[in-house]
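Okay, thanks for coming, everyone. Let me put the model up and walk you through a few contacts.

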Amino acid sequence: MPKLWRMDDYDECLESPGPDDPPGVYCGLSVVLKPNNRSELWKLIEEFSSDYKRHYNHQVLKWGVCIKRCQKAIEKLSPAERNALTEEPFPIDVRYKLDDGILEDISTYQKVYQDVVEICVNKELNDTYGLVAYTEILSCDKSTDEVVVDALDMCFLLVLCALVCFVTVSSWYDSSINYKRTSDHYRQPLDSKRNMVWVSFSIQRNWYRLTSRSRDELNQKLRFFQAFRFLTLWLVIVGHVSMLLSFTPTTDSEKLERIMHNVGSMILTNGAQITQTFLAMSGTLLAIQFCSFAEKRNGKVSFLYVPFAILYRYVRLTSVYAFVILLHATWLLKLQTGPLWRWGAETEQTFCRRNWWTNLLYINNYVHADEPCVQQAWYLGTEFQIFIIALIMLVTIVKIPRAKVPILGLVLLAGYVIPALFIYIPALFIYYQKLEGTYLITLEAQRYLLWYDKYYLHAYIPTHINFGNYIQGVLTGLVYCELQKRSINLAQSKAFSIVWHLTIVIVPLSWLPSYMFYVNDFPTPSVWMAAYFVVSKNLYGIGAWIVILGCIYGVNGVVKRMLNYPFFEPLGRLTYGVFLVHPFVMRFIFASVRAPAHYSDLLTLSLVFGATVMSLLMALVLCLLIELPTTALQNHLFGSFKEQKSNHADLETVINGTNQTLINTSLAGKQSEL
């Protein structure tokens with residue numbers, strides 16, 4: 001079969017031409033093979049591609065061609081030969097290109113070069129395979145292209161310069177009032193609120209906030225969450241690297257297809273469930289910190305606290321988030337070139353300039369989800385929405401104690417029983433959307449980064465799909481609070497210890513049955529598949545709360561000591577930044593390639609570690625430049641509220657307790673920080 005990728009030399013094509021030569025032009029093409037039932041090769045392609053769950057669609061090829069080479073290849077063809085190689089459009093019922101209007105100037109290039117590339121491509125296909133195709137230009141680069149800087153680009157530079165100036169001045173001021181020239185100065189609060197505002201951007205002080213460790217008893221118990229957060233996000237990076245391997249040119253696409261025929265691949269494919277760990281941890285910490293907060297206030301928590309807490313958390317999350325959105329909307333496209341770069345970077349710029357408002361309103365998992373800006377941020381929208389619901393529920397429980405049992409019963413029903421409340425909604429969606437009994441991740445969908453994939457849009461990112469595991473996390477936190485009141489130590493329970501160790505093994509193995517949906521085409525819509533989807537997804541939440549409770553109580557001492565190693569503390573606090581920037585780093589690794597590459601397992605592992613290290617370094621810069629200074633300033637802005645407390649279980653602790661899983665905003669300045 002024809003290779004999925006064929007690419008001319010990009011840099012050679014765009015070398016500076018002579019003064020009298022036309023500019024070099026390199027175009028990315030989508031080549032759709034025309035069905036030909038008289039061709040045995042076409043029958044093979046059609047049969048092989050029919051296994052759409054495990055194979056690419058080999059009818060659709062991606063080529064990168066140099067216009068000069070194509071013009072030279074067809075210059076000796078007669079008009080009759082050219083006409084024979086010009087293919088009339090035919091019905092195409094498969095996805096082969098991005099939606100119109102995403103990349104600029106495409107129509108101009110199509111008018112000039114469409115006939116040339118189509119004849120060139122069909123000549124090569126006909127000579128080699130006896131096939132012809134419909135060819136469409138997706139993007140073009142010209143050697144005379146220049147970088148254009150607009151007003152929004154200048155705004156980003158102004159914001160960046162302002163931040164650097166703030167950090168420089170604040171660091172200088174903090175150093176100048178360090179009269180004893182000791183490092184303890186940066187660890188201690190200053191004597192006035194005004195001085196604390198001045199040193200909010202101090203890089204020395206924020207470094208100590210980043211690397212400090214809490215000695216509080218509760219936070220020592222919960223310290224393992226930092227390791228959980230970092231390790232879980234590292235697994236997310238592994239999954240994203242695997243997806244980008246399917247997106248970028250490779251010489252051995254059949255290797256990826258062979259992997260999909262392996263039952264063990266379901267552990268990697270269903271690894272997308274790992275995001276449910278974040279939701280479970282977030283819900284657990286919200287409940288634990290809120291219980292502590294309410295107890296130290298003797299249950300006096302007003303409903304007015306809810307909008308105040310939402311605003312507090314919104315500001316905390318959005319500062320660095322908005323900066324990353326602005327970066328993607330401006331300078332990302334200008335930082336690199338390559339045959340795939342416009343597909344990987346200009347699409348992001350276009351989406352961020354169009355749809356930034358959906359991100360800042362945290363509704364991007366529903367509105368324009370097929371044109372995502374900072375695509376992984378669907379999680380932020382999902383969790384922020386569920387956070388509001390869970391917070392209202394917890395305040396209601398504290399405010400109206402008599403309603404505690406029915407509210408918790410309703411939540412328990414919503415979290416565990418089908419078809420109750422929010423848990424029934426996913427089942428309805430799975431049924432009426434005619435989806436499978438699991439979240440299918442197909443190779444073909446990954447060629448377009450899942451933007452147009454119905455499984456991704458309807459069975460993965462919506463809030464109603466992810467609601468159950470977050471609420472189960474909240475219940476986990478409430479269970480822990482109740483166990484503490486009754487002085488019950490699960491570490492002393494042999495039965496719980498056995499269940500905990502079995503859960504570690506059973507949870508990954510529970511993903512293996514999903515393989516049946518890849519090898520079979522069950523009739524849809526199906527009630528049993530809708531039920532299987534909901535049960536299997538929320539069983540992961542049950543496993544998560546067992547593991548979390550076991551880690552809190554230290555069921556396995558060796559595991560707890562490993563998770564409490566000091567180096568996980570700063571790594572865990574950098575996780576939010578890594579979460580936001582790792583796709584930025586991956587674009588440079590994958591979307592800047594010049595030719596199809598051969599990806600070995602060792603090279604893939606190297607790319608994972610490279611992406612992790614570079615993302616951590618970039619997250620460190622954002623943390624010291626924006627994230628920690630914002631938290632310090634916000635603490636002072638909300639200081640009047642906090643001064644009413646006599647302990648550290650304040651608004652900051654409760655709200656950001658929900659963020660210690662993924663959305664941590666690094667409250668390292670507080671000794672009560674996890």
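So, first up: the side chains of arginine 229 and glutamine 226 are joined by a polar contact of 2.5 Å. By polar contact I mean N or O atoms within 3.5 Å, where within protein one must be able to donate a hydrogen and the other to accept it, and residues adjacent in sequence count only if both atoms are side-chain atoms.

Quick caveat: this is a predicted model, so local features need pLDDT of at least 70, side-chain atom pairs count only at pLDDT 80 or more, and totals for chains, interfaces and linings use all residues. Numbering runs from 1 along each chain as its sequence is written, and side-chain values use heavy atoms, with hydrogens and water left out.

Back to arginine 229: you'll find it in helix H11, residues 224–247. Helices here are DSSP runs of H or I, at least four residues, numbered from the N terminus. Is arginine 229 buried or exposed? Buried, because its relative accessible area is 0%, and the cut-off for buried is under 20%, with exposed over 50% and partly exposed in between, using a 1.4 Å probe on protein chains only.

Now the rings. There are 38 aromatic pairs in the whole structure. Rings of Phe, Tyr and Trp (its six-membered ring) pair if their centres lie within 6.5 Å; under 30 degrees between planes is stacked, over 60 edge-to-face, the rest tilted. Tryptophan 234 and phenylalanine 609 make a tilted one, 5.8 Å centre to centre with 45° between the planes. Tryptophan 234 is in helix H11 and phenylalanine 609 in helix H29, 375 residues apart.

Technical notes: Helix = DSSP H or I, 4+ residues; strand = E, 2+ residues; numbered from the N terminus.
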